[in-house]
Amino acid sequence: MTRFILAALFLVASGSWADSALETYNRTCRICHANGVGGAPKTGDVNAWRPRLEKGMESLIRASNRGLNGMPPKGMCYECSDQDFEALISYMSKSAS
Ligand code: HEC
């Protein structure tokens with residue numbers, strides 16, 4: 001029984017986390033990354049993200065915090081933590097299909 005409750009809690013927690021990450025993406029990164037505004041690597045465009053990912057996740061999280069050329073500091077997500085950026089970057093760099 002305890003195990004069942006823990007499993008249920010885990011599912012609820014991970015489900016709502018995924019929803020809030022997507023909600024954050026829709027409010028922030030998406031504005032530029034959906035259409036490649038200002039040369040932003042497009043969401044779901046694996047080829048555009050590959051050279052970025054090769055720099056390493058640490059470096060991409062740093063760029064998210066500091067900004068880079070047309071990309072504003074924190075990508076307009078001022079409450080995002082490094083973990084949030086990592087989740088958002090993973091989401092954007094995966095194939096849309
Ligand atoms: C106002 C537009 C804009 C928004 C909003 C935005 N980006 Fe970007 N982003 C860009 C542009 C433009 C680039 C390409 C910068 C370059 O390489 O010159 C970029 C590049 C990046 C890169 C690659 C950095 C590198 O080192 O190559 C990452 C990672 C990134 N964005 C993450 C995010 C995340 C996460 C969010 C949402 C929290 C976000 N961006 C929101 C415009 C934006």
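Where does Asn 69 lie? Keep that in mind as you open the model, which is a predicted one; the tour will come back to it.

**Stop 1: the whole chain**

Start with the protein chain in a cartoon view. You will find five helices and zero strands, so to speak an α-α-α-α-α run when read from the N terminus. The chain has 97 residues, and 22% of them count as buried. Now think about contacts between residues with a separation of 6 or more: 61% of these join residues 24 or more positions apart.

**Stop 2: the ligand and its shell**

Next, select the ligand and show the residues around it. There are 28 of them, and those that come nearest are Cys 29, Cys 32, Gly 70, Met 71 and Gly 75. Colour the shell by class and you should see 17 nonpolar, nine polar and two charged residues. Which helices each supply at least two residues of this shell? Highlight H2 (30-33), H4 (57-66) and H5 (82-93) to see them. H4 gives the largest share, with four residues.

**Stop 3: where H4 meets H5**

Keep H4 and H5 on screen and hide the rest. Their axes come within 10 Å and cross at roughly 110°. That angle makes H4 roughly perpendicular to H5. To view the contact, select Met 57, Leu 60, Ile 61 and Ser 64 on H4, then Asp 82, Phe 85, Glu 86 and Ile 89 on H5. Sorted by class, this contact of H4 with H5 holds five nonpolar, one polar and two charged residues.

**Stop 4: the nonpolar core**

Bring the whole chain back and select the largest nonpolar core. Its twelve residues are Tyr 25, Cys 29, Cys 32, Ala 40, Trp 49, Leu 60, Met 71, Cys 80, Phe 85, Leu 88, Ile 89 and Met 92. H5 supplies the largest share of this core, four residues.

Some of these names will be familiar. Cys 29, Cys 32 and Met 71 belong to the core and are also among the residues that come nearest to the ligand. Leu 60, Phe 85 and Ile 89 are core members too, and they take part in the contact of H4 with H5.

Now zoom in on Trp 49. Leaving out residues up to four places away in sequence, Trp 49 touches Pro 41, Met 92 and Ser 93.

**Stop 5: Lys 42**

Move on to Lys 42, in the loop between H2 and H3 (46-53). Is Lys 42 buried or partly exposed? Lys 42 is partly exposed, because 18 other C-beta atoms lie within 10 Å, while a buried residue needs 20 or more. With residues up to four places away in sequence set aside, Lys 42 touches His 33, Gly 36 and Ala 48. Try a distance label as well: the C-alpha atoms of Lys 42 and Met 92 are separated by 7.3 Å, although the two residues are 50 residues apart along the chain.

**Stop 6: the loop between H4 and H5**

Here is the answer to the opening question: Asn 69 lies in the loop between H4 and H5. Asn 69 is exposed, with 9 other C-beta atoms within 10 Å. Most residues other than glycine have a negative phi. Phi of Asn 69, however, is positive, near 50°.

Finish with Lys 74, which lies in the loop between H4 and H5. Lys 74 is not a glycine, yet its phi is positive, about 65°. Lys 74 counts as partly exposed, with 16 C-beta neighbours inside 10 Å.

Methods:
Residues are numbered from 1 along each chain as its sequence is written. This is a predicted model: local features need pLDDT of at least 70, side-chain atom pairs count only at pLDDT 80 or more; totals for chains, interfaces and linings use all residues. A residue is near a molecule or strand if its C-beta atom, placed from the backbone, lies within 6 Å of it. Ala, Val, Leu, Ile, Met, Phe, Trp, Tyr, Cys and Pro count as nonpolar, Asp, Glu, Lys and Arg as charged, and the others, Gly among them, as polar. Two residues are in contact if their C-beta atoms, placed from the backbone, lie within 7 Å. Axes are lines fitted to C-alpha atoms, for helices over the stretch in contact, and angles run from 0 to 180 degrees between N-to-C directions. Angles under 35 degrees count as roughly parallel, over 145 as roughly antiparallel, 65 to 115 as roughly perpendicular and the rest as oblique. A nonpolar core is a set of buried Ala, Val, Leu, Ile, Met, Phe, Trp, Tyr and Cys residues joined through C-beta atoms within 7 Å.
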